[in-house]
Amino acid sequence: MHGVNSSLRPFGATIFAEMTRLALAHDAVNLGQGAPDFDGPEFVKEAAIRAIRDGRGQYARMTGLPELNGAIAERFEKTTGIEIAPETQTVVTCGCTEAIVDAMLGLLEAGDEVILFEPFYDSYPAAVAMASGIAKVVTLQAPHFRIEESALRSAVTARTKIILVNTPHNPSGHMLDDDERQLIARVANECNLIVLSDEVYEELYYAKPHRSLALEDGLRERTVVLSSLGKSFSFTGWKIGWAIGPAALVAAIRAAHQFTTFCAPTPLQVAAATALRAPDSYFTDFRCEYKRKRDLLAEGLRQCGLAPIVPEGSYFILADHERFGFQDDFAFCRFLVEKVGVAAIPPGAFYKNKQHARTLARFAFCKREDTLGAALDRLQRLPECARHYRSTAREA
Ligand SMILES: Cc1ncc(COP(=O)(O)O)c(C=O)c1O
């Protein structure tokens, strides 16, 4: 029988599909997948509708619509102060997910090593495998999820080509601090490595502003920043993403992009250009709203006996459930969706060494406040349900 090839077979189906299926089957409030249950802004939708009506229905330029490449460069300069040439230093992709795969396909030779930090977004190791690379995994320890110099250095070998970082971080919400960013810069500069910096949650920070890796000493010449429209404008289904970096590295990503998807949907690229030129007030209001949601969920989780690790950025909260005595994160999340009626993600999905996730669950707060309220109402029953569940499990 023919089937999935050996590089992809180990990855199976993503946990997001499985938890969404369970959420539907048990009529649970879904705080699992990181997709908003509300729509993005009207002015962006209107721009897409106008573009469709105006007949912008054919393939876009392979590297991106000029107006979007320009808007990406403008926004990047506004947030980092770094001036880039949109024509050679940006490429538009179908979401950040495609940019990650294109970067691996375009930059790696077979057998090259990529340093990943676990917990990682689950597409990273699959993208490395698709490009015949080798993932070297460095574990970030809860609750701080900081990058330790000794762990990072011991993962670097003569075959290392890329360090892939994600800040603000999914699933922990950790944002790299000055020491961690400088550490990455030192190691990348000393060992001549490329830094891929996944900054899709760049607009979602709550304590200190996000700072791009491209700003560190020596990194501008070796860093590709990846981002997308999905998180910052609540259009995860539009799948408009991009990469920004030195022309030679962007050329490598374009070399793969031209044969993976060739171009992202034209009318959505037109609308993305409008979105990125939104007034500052859009971004501040967006952050304020998310901070309110974060605080509401963190407090609610605490009240029902979980121990939330309050995130500095992103729209996820990891919470420790150890006191409820479940065997692992999968057992807890299965119980939660079936018996309490709330779906969360078992973060083992983000680890190679799954035991590190044993006492954690990931809750998404990119939800309407009434959805968060409904989830918290149900979670009040958690201590009682867990007691009952344990006592019936003992008797069985
Ligand atoms: C860290 C990280 N990178 C990339 C992505 C994917 O982004 P996109 O939907 O633009 O492909 C996600 C989505 O959840 C993510 O959490």
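This is a tutorial dialogue on reading features of a predicted model.

Student: What should be settled before reading the model?

Tutor: The model is predicted, and residues are numbered from 1 along each chain as its sequence is written; local features need pLDDT of at least 70, and side-chain atom pairs count only at pLDDT 80 or more, while totals for chains, interfaces and linings use all residues. Side-chain values use heavy atoms, with hydrogens and water left out.

Student: Is helix 6 enclosed or not, and how is that read?

Tutor: Begin with the terms. Buried means under 20% relative accessible area, exposed means over 50%, and partly exposed lies in between, with a 1.4 Å probe and protein chains only. Helices (H or I, at least four residues) and strands (E, at least two) are DSSP runs, numbered from the N terminus. Helix 6 covers residues 123-130, and 7 of its 8 residues are buried, so it is largely enclosed by the rest of the structure. The buried ones are Ser123, Tyr124, Pro125, Ala126, Ala127, Val128 and Ala129.

Student: Which elements do the buried residues of helix 6 pack against?

Tutor: Packing is read from contacts, meaning heavy atoms within 4.5 Å. The partners are helix 5 (95-107), strand 3 (113-118), strand 4 (134-139), strand 5 (160-166) and strand 6 (194-198). Just after helix 6, Ser132 has a positive phi of about 60 degrees.

Student: Which residues make the nonpolar surface patch?

Tutor: Patches are made of residues with over 30% relative accessible area and no salt bridge; like charges are joined within 9 Å, and nonpolar side chains (Val, Leu, Ile, Met, Phe, Trp, Tyr) within 5 Å. Areas come from the Shrake-Rupley method with a 1.4 Å probe, and for residues only the protein chains shown count as cover. Here Val4, Leu8, Phe11, Leu105 and Met130 make a nonpolar patch of about 400 Å². Of these, Leu105 is in helix 5 and is partly exposed at 38% relative accessible area.

Student: Which residues come nearest to the ligand?

Tutor: A residue is near a molecule or strand if one of its heavy atoms lies within 4 Å of it. There are 13 residues around the ligand, and Thr97, Asp198, Tyr201, Lys231 and Lys239 come nearest.

Student: Which side chain has an N or O atom 2.8 Å from a ligand oxygen?

Tutor: A polar contact is a pair of N or O atoms within 3.5 Å; within protein, one must be able to donate a hydrogen and the other to accept it, and residues adjacent in sequence count only if both atoms are side-chain atoms. The side chain at 2.8 Å is that of Ser228. Lys231 places a polar side-chain atom 2.7 Å from a ligand oxygen, and for Lys239 the distance to an oxygen atom of the ligand is 2.7 Å. The protein covers 94% of the 400 Å² of accessible area that the ligand has on its own.

Student: How many salt bridges does the structure hold?

Tutor: A salt bridge is a side-chain nitrogen of Lys or Arg within 4 Å of a carboxyl oxygen of Asp or Glu. The structure holds 30. Asp177 and Arg146 form one of them, at 2.6 Å from N to O. That pair links distant parts of the chain, 31 residues apart: Asp177 is in the loop between strand 5 and helix 8 (178-191), and Arg146 is in the loop between strand 4 and helix 7 (149-155). Arg146 is partly exposed at 29% relative accessibility. Glu18, Arg21, Arg334 and Glu338 are linked in a network of salt bridges.

Student: Is Gln269 buried or exposed?

Tutor: Gln269, in helix 11 (residues 266-276), counts as buried at 1% relative accessibility. Its side chain reaches the backbone oxygen of Ala264 at 2.9 Å. Beyond neighbours within four places in sequence, the contacts of Gln269 include Ala60, Leu68 and Ile240.

Student: What does the side chain of Thr223 meet?

Tutor: Thr223 is in strand 7 (residues 223-228) and is buried, with a relative accessible area of 2%. A polar atom of its side chain lies 2.8 Å from the backbone oxygen of Leu219. Not counting residues up to four places away in sequence, Thr223 touches several residues, among them Val195, Leu213 and Pro246.
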